[in-house]
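Reader: I'm new to this structure and would like to go through it with you. Can I keep asking how you arrive at each label?

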Amino acid sequence: MAEAEDSPGKGYMWNLDRIDQPFGEEADRVHNLHTAKKLSTTTTLRLAFLSLGVVYGDLGTSPLYVFSNIFPDGIKDRNDLLGTLSLIIYTITLIALVKYVFFALRANDNGEGGTFALYSLICRHAKVNTIPNQHHTDRALTTYSFRPMSKKSTAYKLKNALETSLFLQKILLVLVLLGTSMVIGDGMLSPSISVLSAVQGIRLSHLELPKGSVLILSLLILVALFSMQRFGTAKVGFMFAPIIFIWFISIGTIGIYNIFVHYPPVFKALSPVYIFRYFRAQGVTAWISLGGVVLSVTGAEALFADLGHFTAQSIQLAFTIIVFPCLIAAYMGQAAYLMKYPRDVDEPFYNSIPNRPFIYWPMFVVATAAAIIASQATISATFSIVKQAVALGCFPRVKIVHTSHRFLGQVYVPEVNWTLMVACLLITAGFRETQQIGNAYGVAVVLVMVVTTFLLAMVMILIWHSNLYLAFSFLAVFGSLELLYFSSVLFKVTSGGWVPLAIGSVLMAVMYFWHYGSCERHKFELQNKVSLGWILQLGPSLGMVRLPGIGLFYTELAHGVPSIFSHFLTHFPAVHSILTFVCVKYLPVSTVAKEERFLLRRIGPKQFRMYRCVVRYGYKDLHKKDDHFDELLIRALAAFIRYESLMESVDEQSEETVTSNGSLESCGAAPPLQAQVDGHTITGSEICLTASSVSSIQRQTPRSLREEEDECAFLIKCKEDGIVHIMGSTVMRARQGSGFFKRQAINSGYSFLRKLCRDTSVIYHVPHESLLHVGMVYNI
């Protein structure tokens, strides 16, 4: 009789690399670049050029509005320009160059960056994932990198503190949700300020145009921008990099022109002495202006978040060779122009363009295109992080559509897209000025940076095993700098800064309620799962008629049989001949290779014909409609049956299949099969014996081979009879006597979100004609 399914060492992982080849190749070709030992110079330069259009759009368009936000009331003293310029230069150098380019890009999760990439790294090295659906076999995955640590190390002490303190786990989760909500907030604010700043340049040449016309044009561009999202960035992606490249070269060239024409001594701002003079002269006013200075690094988080599309080396190369020098030249040029014409601070970028029509209008077109591209990059980043949040159980289920067959990271989320559009239109129409939108944008930007700094410090200790003093120095330097900026932007809460705080509060409440409800639901199912003894008492027929066909019973439990199955047996008169409990779970890794996706076990004796199939995905993977999931699952079951029969034959004939030196011989040709047994990978060549040994097995164990053939034939027949997808339709209610927070979170928050979100059958693309819902009430 088979052992209980949750006993260690009874999980098998099947190599479907050859099985699923007819259904298409691996989509994420760029992801393989991260595993390559060395890229050619040509490939690196090509990726560096392409990264301009995806990564640096937001950062590159910040010269459109930085100085106008630093001096909202005009420039009172020209010497203040040198102080603020020095602040801008060292802010870009310290935060964008040192923190993100040199530190953050190293903290990638198999080539993936961003808040959730850092969180997944921490979850792999410390058990802080609040949904306990992981298994020891998950660590055998190719992408599940893990660094062992000594019990005397600081990393082990931090790991132990995180695992034993529920409070610290919740604080970490809240930080991750805060960073996520601010990134989504960026997706609402960045298009508004970028497009409005670019379009405002039209009034400098046509002063007779009312401000309302600029607003209407901006709103129309925003509507068009969000309406085109469903086509995906892949169809127009080839245009992005050249436009942003022209943009950087243009602003750099104009900046150099302004330096030598208007004020060559502007190079004095490279000395940090002018920062101290500025603070000494202006005091509180200088501190308030930091809220405008920090806008110079908007989009710096994209350096890290969009790493999955490129390589760290290509992003570093593009920043150091093109982006950094062009940005510095652009800001120095604007400062040099304002030293001579301080009254033009309201529109420093367009005013500083040489007054020639053949230069001005092309720059206006390029600036508008660059602003749209910058908005596109932010919107795409929002889609990606929402998808990651959904995968890790921190966001309600929404429809996710792949827009590219080459890049898995390019996705489209309809619900989020239209919500962003409405929010952008309201923000743009409500504020109408870039100054107030800039105040709101600054709050979102700084909060994301603070969260990233804290998570990076944890990664340095927990994963890199860095010196404790080095990690604390990193946290002290960058944390104190960003908190200083944060204190400044908080001063502008009443002048627009309240918008991202309100957006963040709503999004955090949504994500926390969803995550809390998901954890409570999983805990209830884990505590009330059906025992194997109860199933064995029912007998092979499970106490009812076994219908022809295969029943796929979906559950969120990776171990055990859910309580809703007993509810199903007591209310339905029949059950399918083959039952497979399917658990689709997401792991704290960026992606799971297709050949490692299915983990199979048998439940009970063979005559019960019950199986457990755990389907594993990374937070970047997606259960796509064109994956032929049913076909792959049936093939995996057939491979499991063949392998199980082979292992039984090996056990029965172990004495006859051992060579004279006491070891198994390996044959040359291996079947497309791989298994995980007791944490060790057994490939086809290792379980394939010599030809004489196989013939011996076939001669001496006809019963096991006949059973295998019969079971595989029965599986194929059941597949032809039909596959039915059985899903639970549960209603969650807080038990009587529960606390106020739990009642509100479960009965109001989580229940409301479940009504709004997509059904599980839609997410898994289950056809309606083969879907069966089982209702049940969970009193939690």
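Author: Sure, and keep in mind that this is a predicted model. Let's start with K742, which has a relative accessible area of 22% and is therefore partly exposed.

Reader: What makes K742 partly exposed rather than buried?

Author: Buried means under 20% relative accessible area and exposed means over 50%. K742 has 22%, so it falls in between and is called partly exposed.

Reader: And E520, is that one buried or exposed?

Author: E520 has a relative accessible area of 10%, which is under the 20% cut-off, so E520 is buried.

Reader: Why is the contact of K742 and E520 called a salt bridge?

Author: The rule asks for a side-chain nitrogen of Lys or Arg within 4 Å of a carboxyl oxygen of Asp or Glu. For K742 and E520 the N to O distance is 3.9 Å, so the pair passes. The pair links distant parts of the chain: K742 sits in helix α27 (residues 740-756) and E520 in helix α20 (residues 498-527), 222 residues apart.

Reader: How many salt bridges does that rule give?

Author: The count comes to twelve. Side chains of opposite charge can pair when their charged atoms come close.

Reader: What makes R602 and E711 a salt bridge?

Author: Their side chains meet at 3.2 Å, N to O, and the limit is 4 Å, so the pair counts. R602 lies in strand β6 (residues 598-603) and E711 in helix α26 (residues 702-721), so this bridge ties together parts that are 109 residues apart in sequence. Both R602 and E711 are buried.

Reader: Which salt bridge has both partners in helix α26?

Author: That's D721 and K717, which lie four residues apart in helix α26, about one turn of the helix. Their side chains meet at 3.3 Å, N to O, so they too satisfy the 4 Å rule. An α-helix has 3.6 residues a turn, so residues three or four places apart point the same way.

Reader: Are D721 and K717 buried or exposed?

Author: Neither label fits, because D721 has 41% relative accessibility and K717 has 47%. Both values lie between 20% and 50%, so D721 and K717 count as partly exposed.

Reader: Which residues do salt bridges with shared partners join into one network?

Author: E520, K523 and K742 are joined that way.

Reader: How do you know that L542 is buried?

Author: L542 has 3% relative accessibility, under the 20% cut-off, so L542 is buried. L542 lies in the loop between α21 (532-538) and β4 (545-554). L542 also has a positive phi of about 60 degrees although it is not a glycine.

Reader: Which other residue that isn't glycine has a positive phi, near 50 degrees?

Author: That is R609, found in the loop between β6 and β7 (610-617). At 25% relative accessibility, R609 is over the 20% limit but not over 50%, so it counts as partly exposed.

Reader: Why is helix α5 described as mostly covered?

Author: Eleven of its eleven residues are buried. Among them are F116, L118, R124 and H125.

Reader: What about V445, buried or exposed?

Author: V445 has 6% relative accessibility, so by the 20% rule V445 is buried. V445 belongs to helix α18. V445 and G179 are 266 residues apart in sequence, yet 9.6 Å apart in space, C-alpha to C-alpha.

Reader: What makes L270 part of a surface patch?

Author: Patch residues need over 30% relative accessible area, and L270 has 40%, so L270 clears that bar. L270 sits in the loop between α10 (237-262) and α11 (273-282). Together with I256, F260 and F267, L270 forms a nonpolar patch with about 400 Å² of accessible area.

Reader: How many cavities of 30 Å³ or more are there?

Author: There are six, and about 480 Å³ of space lies in the largest. Of the 35 residues that line the largest cavity, V183, A302, A305, D306 and A381 are the closest to its centre.

Reader: Which helix gives the largest share of that lining?

Author: Helix α16, with eight residues. By class, the lining of the largest cavity has 16 nonpolar, twelve polar and seven charged residues.

Notes: Residues numbered from 1 in each chain as written. Predicted model: local features only at pLDDT ≥ 70, side-chain atom pairs only at ≥ 80, totals over all residues. Heavy atoms only, no water. 1 Å grid on protein atoms, 1.4 Å probe; cavity = no way out; pocket = protein on both sides within 12 Å on 5 of 7 lines; lining within 4 Å. Points joined across faces, edges and corners; volume = space filled by probe spheres on them. Helix = DSSP H or I, 4+ residues; strand = E, 2+ residues; numbered from the N terminus. Nonpolar A, V, L, I, M, F, W, Y, C, P; charged D, E, K, R; others polar. Patch = residues over 30% accessible without salt bridge, like charges linked within 9 Å, V, L, I, M, F, W, Y side chains within 5 Å. Areas by Shrake-Rupley, 256 points an atom, 1.4 Å probe, with all protein chains shown as cover. Buried < 20%, exposed > 50% of the residue type's maximum accessible area, 1.4 Å probe, protein only.
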